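Reader: I would like to go through this model and ask what stands behind each label. Please set each value against its definition.

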Amino acid sequence: MRIDVVTIFPEYLEPLNVSLVGKARQRGQLDVRVHDLRDWAHDKHNTVDDTPYGGGPGMVMKPEPWGEALDAVLESGEGGESDARPVLVVPTPSGVPFTQELAVELSERPWLIFTPARYEGIDRRVIDAYGERLDVREVSIGDYVLAGGEAPVLVIVEAVARLLPGVLGNAESHRDDSFAPGAMADLLEGPVYTKPPVWRDREVPEVLLSGHHGKVARWRRDEAFRRTTANRPDLIERCDPATLDKHDRKLLAELGWVERADGRFGRVAQAVEE
Ligand code: ADE
């Protein structure tokens, strides 16, 4: 996979040289190219921003440097192995939520181009113009506002890179991830333990030492339900009841959840209110 990042803070992307992403680059599984937007700003001060039309606080990133930068990036891919329609990933708090599903979708594309913005964002015409040639995804990593899109790029690249074939040592590692598509898709992953079996008088749950795969799987599922009901009740509310067995339903009832008339689950207090 090829990844291009155009930014005014190339040094912010240094972490892409270490750990999982760094190793994937060294192995040639990932071709990451970071570009300085100011290389395409031609005035004395390499200006990349200007005041917003219509007034208001803050500055807006000018279209000309972005246009030249994106043209140069696209040209460098012509005729090459990344001669496929790239995805333009635009990090913005106004984007669609970044999810595991979107990470999987992006991991299946050969070429991603990221345009992390500073200030109030990029002149809209840039996104509109390149939207005619590229698949644009405006993506938010959460309901909070950061100072720029570079940290979201690090987040998105790491989530995508670990899904690429051969990047994680153990291909099974992402099967049980929270939010991974599959049997436990709607549940958060439960707690994990390693040696020693007793640490500061705290024992590892006995079932994990039993070697009984069926019991371990059930325990993990129960813990996933406990954690999900506590931390993400919205996931339980959305959960497809057809994926729940008798044991799950009993546990949910113990945790204060009941099946409502529409088949979905709700907390007892809520169900009574309705
Ligand atoms: N830029 C600033 N805040 C952001 C967020 N939450 N997600 C993506 N890009 C952003």
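Author: Strand 5 gives the most to the shell around the ligand, with three residues. This is a predicted model, where local features need pLDDT of at least 70, side-chain atom pairs count only at pLDDT 80 or more, and totals for chains, interfaces and linings use all residues. Residues are numbered from 1 along each chain as its sequence is written, and side-chain values use heavy atoms, with hydrogens and water left out.

Reader: What makes a run of residues a strand, and which strands each supply at least two residues of the shell?

Author: Strands are DSSP runs of E, at least two residues; helices are runs of H or I, at least four; both are numbered from the N terminus. Strand 5 (87-97) and strand 7 (135-140) each supply at least two shell residues.

Reader: Which residues are around the ligand?

Author: Among them are Pro91, Thr92, Pro93, Ile141, Gly142 and Tyr144. A residue is near a molecule or strand if one of its heavy atoms lies within 4 Å of it.

Reader: What makes the pair at threonine 92 a polar contact?

Author: A polar contact is a pair of N or O atoms within 3.5 Å; within protein, one must be able to donate a hydrogen and the other to accept it, and residues adjacent in sequence count only if both atoms are side-chain atoms. A ligand nitrogen is 3.1 Å from a polar backbone atom of threonine 92, so the pair qualifies. For isoleucine 141, the distance from a polar backbone atom to a ligand nitrogen is 3.0 Å. For a backbone N or O atom of glycine 142, it is 3.2 Å.

Reader: Why are helix 3 and helix 5 called roughly perpendicular?

Author: Their axes come within 8 Å and cross at roughly 70°. Axes are lines fitted to C-alpha atoms, for helices over the stretch in contact, and angles run from 0 to 180 degrees between N-to-C directions. Angles of 65 to 115 degrees count as roughly perpendicular, under 35 as roughly parallel, over 145 as roughly antiparallel and the rest as oblique. Helix 3 and helix 5 are therefore roughly perpendicular.

Reader: What is unusual in name about phi of asparagine 46?

Author: Phi of asparagine 46 is near 50°, a positive value in a residue other than glycine.
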